[in-house]
Amino acid sequence: MLEQGLAGAGDSRLKAVIQEEERALLTLDLGFADIRAHPPDEFDGLIVFRLARQDRERVLAMVEALLPHLGRLPLAGRLWIVREGELRIRE
């Protein structure tokens, strides 16, 4: 997203781009966990990290821990909430 100049873009702009490009979104922005504002069925996948620490090393470790789940659980049309030691999926 940095290459596309979307760093710091508003939620509506970001949502439009990822929908147009049929991408999943992985974010630390808890606003995307609000299914009323961002219904999961409007996305090709929505992953929201709710982490106590959001430093680079911790985020990368959580992404790495999540990778095995990406290959076996459906992502499109779902909201994944990721916390330390927990994965919750909402349709």
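What follows is a chat between a visitor and a guide about this predicted model.

Visitor: Let's start with the sheet. In what order do the strands of the open sheet come?

Guide: There are 4 strands in it, and the pairing is mixed. The edge strands, each pairing on one side only, are β1 and β4 (86-90). Across the sheet the order reads β1-β2-β3-β4.

Visitor: How many bridges join β2 to β3?

Guide: β2 also pairs with β1, where 3 bridges join two parallel strands. β2 and β3 run parallel as well, and the number of bridges joining them is 4.

Visitor: Which residue in β3 is the bridge partner of Ile47?

Guide: A couple of pairs help you find your way here. Leu25 has its bridge partner in β2, namely Leu46, while Phe49 stands opposite Val82 in β3. For Ile47, the bridge partner in β3 is Trp80.

Visitor: Which residues point the other way from β2 than Leu46 and Val48?

Guide: Leu46 and Val48 point one way from β2, and all the residues in this comparison are buried. Leu46 and Val48 belong to the largest nonpolar core, whereas Ile47 is in a second, separate core of 9 residues. The residues pointing the other way are Ile47 and Phe49.

Visitor: And that largest nonpolar core: which element gives it the largest share?

Guide: The core has 12 residues, including Leu6, Leu25, Ala33 and Ile81. At least two residues each come from α1 (11-20), β2 and β3 (79-83). The largest share is 3 residues, and it comes from α1.

Visitor: There's another helix, α2. At about what angle does α2 run to β3?

Guide: Helix α2 covers residues 56-70 and lies across β1, β2, β3 and β4. Neighbouring strands of the sheet are themselves turned by 15° against each other on average, direction ignored. The angle of α2 to β3 is about 140°.

Visitor: Now the aromatics. Are the rings of Phe32 and Phe43 stacked or edge-to-face?

Guide: A search of the whole structure finds 1 aromatic pair. The ring centres of Phe32 and Phe43 are 6.4 Å apart and the planes sit at 85°. Planes over 60 degrees apart count as edge-to-face, so the Phe32 and Phe43 pair is edge-to-face.

Visitor: Where in the chain do Phe32 and Phe43 sit?

Guide: Both are buried, and both are among the residues of the largest nonpolar core. They are 11 residues apart, and each one is in the loop between β1 and β2.

Visitor: Is Thr27 buried or exposed?

Guide: Thr27 lies in strand β1. Beyond its neighbours within four places in sequence, Thr27 is in contact with Phe32, Ile47, Val48 and Phe49. Its relative accessible area is 12%, and the cut-off is under 20%, so Thr27 is buried.

Visitor: Which backbone nitrogen does the side chain of Thr27 reach?

Guide: We're still at strand β1, where Thr27 lies. At 2.9 Å, the side chain of Thr27 reaches the backbone nitrogen of Asp29.

Visitor: Last one: how far is the backbone nitrogen of Arg36 from a polar atom of the Asp34 side chain?

Guide: Asp34 is in the loop between β1 (25-27) and β2 (46-49), and is partly exposed at a relative accessible area of 26%. Its C-alpha atom is separated by 9.5 Å from that of Leu79, 45 residues apart along the chain. From the Asp34 side chain's polar atom to the backbone nitrogen of Arg36, the distance is 2.9 Å.

Notes:
Residues numbered from 1 in each chain as written. Predicted model: local features only at pLDDT ≥ 70, side-chain atom pairs only at ≥ 80, totals over all residues. Heavy atoms only, no water. Buried < 20%, exposed > 50% of the residue type's maximum accessible area, 1.4 Å probe, protein only. Polar contact = N/O pair within 3.5 Å; in protein donor to acceptor, adjacent residues only side chain to side chain. Phe/Tyr/Trp six-rings, centres within 6.5 Å; stacked < 30°, edge-to-face > 60°. Contact = heavy atoms within 4.5 Å. Core = buried A, V, L, I, M, F, W, Y, C linked by side-chain atoms within 4.5 Å. Pairing = 2+ DSSP bridges. Axes fitted to C-alpha atoms, helices over the stretch in contact; angles between N-to-C directions.
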